[in-house]
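Me: I have a model with a ligand open here. Can we go through the ligand site and then the backbone?

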Amino acid sequence: MRIDVVSIFPEYLEGLKLSLIGKAAEQGLLDLNVHDLRDFTFDRHNTVDDSPYGGGAGMVMKAEPWALALEHILGEGPRGASASVGDHDGEKPKPILIVPSPAGRVFDQRVAEDLAGAEHLVFACGRYEGIDQRVIDWAGEHFDLRPMSIGDYVLNGGEVASMAMIEAVSRLVPGVIGNPESLTEESHEDGLLEYPIYTKPASWRQRDVPEVLLSGNHGAIARWRRDRRLERTAEVRPDLIAKLGELDKHDRAVLE
Ligand SMILES: COC(=O)c1ccnc(N)c1
């Protein structure tokens, strides 16, 4: 998977070079590229913003630097430098352009799973009051455009949201997480929150690990873990319980 990120603060994305995502990039599982939007400006001050038409507080990101940055990425796409903008003769899907925004569709585990199958993701990190709408409209002709929100709150820019989405998606790319077993029974993987987890010592500050987990009885352990997942989900996210399919008699008894 190729991932491109455009930002006026490329150093914000340095964290992606660490840990599992960084290792996956080194191994070639992820082709991670961060671009400085100011590299696509040519005035003395590398201007990327200007005042909003119609008045109002704050500044708006200018269209041309964004179009040049996105065209640069399109030219470098999986199709090689020869591709010209919009040269999608159908043989390859358009790159997915994710525009982090509080006004976007909500990003969740299902969206992460969907994006994990993509060949090329591009993240456009807006700042100030946002990006000139004409860039978004223009980009819709060259990309599979996805305005995306990570929740109902406002940030100062798209970088933090992009990192969260890149991590959530990349970890689902085969090979990025060493043991794929780690991806099962995680929160939201199957509609339930994860079970409580413990490690040595078996007793810590008068708090003991639940006996069943020391029993070696795998059936009882699996049952205990599912019960805890049901209880935790019912307590913390009752809205998720409502979305579960038909529950068996035991599960229903746990929730009563
Ligand atoms: C500037 O971007 C945001 O404020 C943002 C992006 C994605 N999700 C959000 N909830 C906010």
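Reply: Start with a term: a polar contact is a pair of N or O atoms within 3.5 Å; within protein, one must be able to donate a hydrogen and the other to accept it, and residues adjacent in sequence count only if both atoms are side-chain atoms. This is a predicted model, where local features need pLDDT of at least 70, side-chain atom pairs count only at pLDDT 80 or more, and totals for chains, interfaces and linings use all residues. Residues are numbered from 1 along each chain as its sequence is written, and side-chain values use heavy atoms, with hydrogens and water left out.

Me: Ok, how far is the backbone N or O atom of G151 from a nitrogen atom of the ligand?
Reply: 2.6 Å. Polar backbone atoms of two other residues also lie by a ligand nitrogen: I150 at 3.0 Å and Y153 at 2.8 Å.

Me: How much of the ligand's accessible area does the protein cover?
Reply: 93% of the 300 Å² that the ligand has on its own. Those areas come from the Shrake-Rupley method with a 1.4 Å probe.

Me: Which elements give two or more residues to the shell around the ligand?
Reply: β5 (96–106) and β7 (144–149). The largest share, 3 residues, comes from β5. Strands are DSSP runs of E, at least two residues, and helices are runs of H or I, at least four, numbered from the N terminus.

Me: Which residues come nearest to the ligand?
Reply: S101, I150, G151, Y153 and L155, out of 13 around the ligand. Near here means that a heavy atom of the residue lies within 4 Å.

Me: How does the shell divide into nonpolar, polar and charged?
Reply: The residues are 8 nonpolar, 5 polar and no charged. Ala, Val, Leu, Ile, Met, Phe, Trp, Tyr, Cys and Pro count as nonpolar, Asp, Glu, Lys and Arg as charged, and the others, Gly among them, as polar.

Me: Switching to the backbone. Which peptide bond is cis?
Reply: The one from K200 to P201, with omega near 5 degrees. P201 is in the loop between α5 (159–170) and β8 (203–204).

Me: And what is the phi of S19?
Reply: Positive, about 50 degrees, although S19 is not a glycine. S19 is in helix α1 (residues 19–26). For context, most residues other than glycine have a negative phi, and most peptide bonds are trans.
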